[in-house]
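Subject: Structure for you to look through

Dear colleague,

I am passing on the structure we spoke about, and below it you will find my notes on what turned up when I went through it. Please keep the structure open beside the text while you read.

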Amino acid sequence: MIKRLQHTTRITASILFFSLSSWSFADTTTTHGIAMHGDLKYPADFPHFEYVNPDAPKGGRVAQAAAGSSFDSFNPFIVKGTPADGIGLLYDSLTTKSDDEPFSVYGLLAEHITLPDDRRWIEFELRKEAVFSDGVPVTAEDVVNTFQLLREKGSPFYRAYYADITRIEALSSHRVRFEFAETENRELALIVGEVPVLPKHFWDQRNFEESGLEVPIGSGPYLLASYDPGRSITYKRNPDYWGKDLPVQRGRYNFDEWVFDYYRDGTVALEAFKAGRYDFRTEYAAKNWATGYTGSALNEGRIIKESIEHENPTGMQAFVMNTRRSLFEDAQVRYALAHAFDFEWTNRAIFYDAYKRSHSYFSNSEMAADELPSAEELAILEPLREQLPEEVFTQVYRAPQTDGDGNIRTQIREGLRLLAKSGWNLDQGVLRNEQGQPFRFEILIFQNNLERLISPFIRNLERMGIQVSIRVVDISQYINRLRDYDFDMVVGSFAQSNSPGNEQREYWHSSSAERQGSRNIIGIRNPAIDHLVEQLIQAPDREQLVYRARALDRALQWNHYVIPHYHTNAYRIAYWNKFGIPDIRPNHAIGFDTWWIKP
């Protein structure tokens with residue numbers, strides 16, 4: 001979702017040192033950036049990020065495809081509506097992260113950052129030159145009002161994510177202070193700086209909780225130029241953007257126009273790309289990647305197809321069961337259903353062997369629990385032994401595997417054995433409980449192309465006597481049903497960063513299980529997992545963060561909340577040969593915002 005100590009100089013009783021933007025007094029430090037753990041890569045006087053071309057030419061037009069049928073809102077911060085793609089281009093935040101560090105942030109709207117060593121509070125000194133697109137200065141009051149709006153009227157995510165903020169105060173017109181609860185939540189000092197700052201003078205006159213298409217005001221590098229719901233939205237680079245010469249912005253946001261065109265159908269979108277209707281595409285479908293990129297434009301090098309390995313955790317994509325439904329309350333039942341998903345056959349027959357099986361919620365990272373627990377992990381887990389499955393301590397989790405030949409009789413038998421232990425038995429080809437009720441559920445999707453993945457899974461479930469249907473709805477209805485937890489099973493994903501923290505509460509914590517619109521779509525209410533989430537958030541250093549993430553991973557794995565899918569550790573991108581690209585690429589992002597149109 002978002003994410004070493006800063007370069008500073010210390011003041012003692014007899015020595016005083018000054019640097020360009022950092023000084024310190026006692027245990028308080030003023031600096032240009034913060035790292036979650038360890039040191040910052042870039043010093044106070046850095047001219048630009050390493051992965052940009054600071055002299056990249058400005059100009060040109062770029063178009064991308066947007067998924068879904070349309071949009072009906074320019075307010076992405078609330079529960080209502082379907083927000084337009086690219087709307088974040090309008091906004092700046094107090095800080096911005098670098099894409100070549102696990103989790104470090106540097107001042108954007110904020111010129112100086114002051115905080116104590118224990119990170120119990122943080123102050124941001126805003127740049128005097130920062131203004132919104134209508135010329136009104138960005139002030140501390142805008143920051144205070146932004147958090148008030150988000151926590152009181154915004155998506156429930158903000159209330160949970162920033163729950164440990166106890167006070168926000170404007171100390172002067174350009175200095176704002178955040179105070180935090182008495183916790184070891186070291187991440188909070190970083191993530192408060194990532195929130196887009198909204199103009200108080202604009203929202204004071206409007207209802208923040210209503211979605212709509214009134215063009216908003218921000219302080220970011222782009223302006224909303226035009227839109228046509230159901231078809232496209234266009235942003236234009238603000239020639240008067242106040243922050244264009246800052247070190248954190250140099251070499252970025254080079255396109256004069258940035259367009260998002262909407263396509264209801266993925267096949268149509270791919271064909272439109274090959275026909276030159278838009279310029280850049282990230283490919284998520286293995287079949288498309290293997291067979292769809294053909295034609296003269298590719299043969300002649302006018303379209304470039306590229307796979308770029310990255311160093312990011314891939315998170316977890318899976319069949320996600322709603323444990324609020326009585327059908328999925330039993331972990332043994334959930335595990336039984338996992339035996340019906342034949343990943344090995346699916347990968348070979350449908351996905352051209354493009355994927356690796358996911359077993360961990362932190363795959364492709366050192367945080368994945370893929371060995372027996374170490375002594376350090378056991379020290380975290382042992383106090384919870386009575387609340388966790390025994391396998392957490394004794395086994396390495398692996399999702400059920402097959403030979404890949406489509407014959408999964410052994411897996412079906414094992415699934416039925418587990419179901420029988422939970423009171424479900426076959427009766428004339430129908431799986432029923434002791435009351436005679438059939439095992440029946442629905443898989444909710446909004447993307448038709450997922451049926452290729454789901455249909456073989458359903459056929460295997462039917463061999464177990466389970467009745468399953470697919471319900472395809474439009475994206476607006478899908479979002480609303482997820483917000484209300486009105487589903488049995490979905491194809492869902494839980495993204496992870498290199499520095500997991502507060503967002504874990506939204507994914508797995510009991511406090512988010514019944515809050516409308518939270519990301520705990522599974523409905524997890526487990527005291528042991530609650531404890532492990534808090535331990536992860538409070539990790540004092542990188543080493544402990546890794547141990548605590550692995551401990552949480554094990555608890556999630558062995559409770560069988562999802563049926564894991566697969567992942568790849570590379571970005572699959574295709575683009576028309578019209579772009580200039582920096583010589584150095586970031587290792588934690590594609591970095592498309594650093595590209596430019598060739599003259």
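Three strands form an open sheet in which the order is 3-6-5 and the pairing is antiparallel. Strand 3 and strand 5 are the edge strands of this sheet, each of them pairing on one side only, and from one strand to the next the twist averages 20°. Please keep in mind, here and throughout, that this is a predicted model. If you would like to follow one pairing in detail, strand 3 and strand 6, the latter made of residues 104-107, are joined in the antiparallel sense over three bridges, and within this pairing Ile34 stands opposite Val105 in strand 6.

Just beyond strand 3 you can look for Asp39, which lies in the loop between strand 3 (33-35) and strand 4 (61-67). With a relative accessible area of 47%, Asp39 is partly exposed, since a residue would need over 50% to count as exposed. Although Asp39 and Ser104 are 65 residues apart along the chain, their C-alpha atoms are separated by 8.8 Å.

The next loop holds Thr82, which is found between strand 4 and strand 5 (95-97). Thr82 has a relative accessible area of 8% and is therefore buried, the limit for that word being under 20%. Which residues does Thr82 touch, if those up to four places away in sequence are not counted? They are Ser70, Phe71, Asp72 and Ser73, together with Ser476 and Ile479.

A second sheet deserves a careful look. Five strands form this open sheet, in the order 21-20-22-16-23, and here the pairing is mixed. Because strand 21 (467-472) and strand 23 (562-564) stand at the edges with a single partner strand each, one side of each is left without a neighbour in the sheet. Neighbouring strands of this sheet are turned against each other by 35° on average, when direction is ignored.

Two of the pairings in this sheet show what "mixed" looks like in practice. Strand 20 and strand 21 pair in the parallel sense over six bridges, and Leu444 stands opposite Arg471 in strand 21. Strand 16 (residues 316-321) and strand 22 (residues 489-494), on the other hand, pair in the antiparallel sense, also over six bridges, and the bridge partner of Met321 in strand 22 is Met489.

Is strand 20 largely enclosed or largely open? Five of its six residues are buried, so strand 20 is largely enclosed by the rest of the structure. Helix 13 (residues 451-463) lies across strand 16, strand 20 (440-445), strand 21, strand 22 and strand 23, and runs at about 165° to strand 21.

Turning to the interior, the largest nonpolar core has 85 residues, and those with the most contacts inside it include Ile122, Phe124, Phe178 and Trp258. Helix 1 (residues 140-153) gives the most to this core, namely six residues. Apart from this core lies another one, of 44 residues, among them Met367, Phe393, Phe487 and Ala551. Trp258 is a good residue to select on screen, as a list of its contacts, leaving aside neighbours within four places in sequence, includes Val62, Leu89, Tyr222, Tyr253 and Phe592.

Towards the end of the chain, Pro586 lies in the loop between strand 26 (579-580) and strand 27 (596-597). Its relative accessibility is 9%, so Pro586 counts as buried although it sits in a loop. Not counting residues up to four places away in sequence, Pro586 touches Tyr51, Asp99 and Gly591. The C-alpha atoms of Pro586 and Asp403, which are 183 residues apart along the chain, are separated by 38 Å.

Finally, some values for the whole. The secondary structure of the protein chain comes to 17 helices and 27 strands. The radius of gyration is 25 Å, close to the 25 Å that the globule rule gives for 599 residues, so the chain is as compact as a globular protein of that length. Along its principal axes the C-alpha trace spans about 80 × 60 × 45 Å. Of the 599 residues, 57% count as buried, while the accessible surface comes to about 24500 Å², of which 46% belongs to carbon and sulfur atoms.

With best wishes

Notes
Residues numbered from 1 in each chain as written. Predicted model: local features only at pLDDT ≥ 70, side-chain atom pairs only at ≥ 80, totals over all residues. Heavy atoms only, no water. Pairing = 2+ DSSP bridges. Helix = DSSP H or I, 4+ residues; strand = E, 2+ residues; numbered from the N terminus. Axes fitted to C-alpha atoms, helices over the stretch in contact; angles between N-to-C directions. Contact = heavy atoms within 4.5 Å. Rg over C-alpha atoms; globule rule 2.2 N^0.38 Å. Buried < 20%, exposed > 50% of the residue type's maximum accessible area, 1.4 Å probe, protein only. Areas by Shrake-Rupley, 256 points an atom, 1.4 Å probe, with all protein chains shown as cover. Core = buried A, V, L, I, M, F, W, Y, C linked by side-chain atoms within 4.5 Å.
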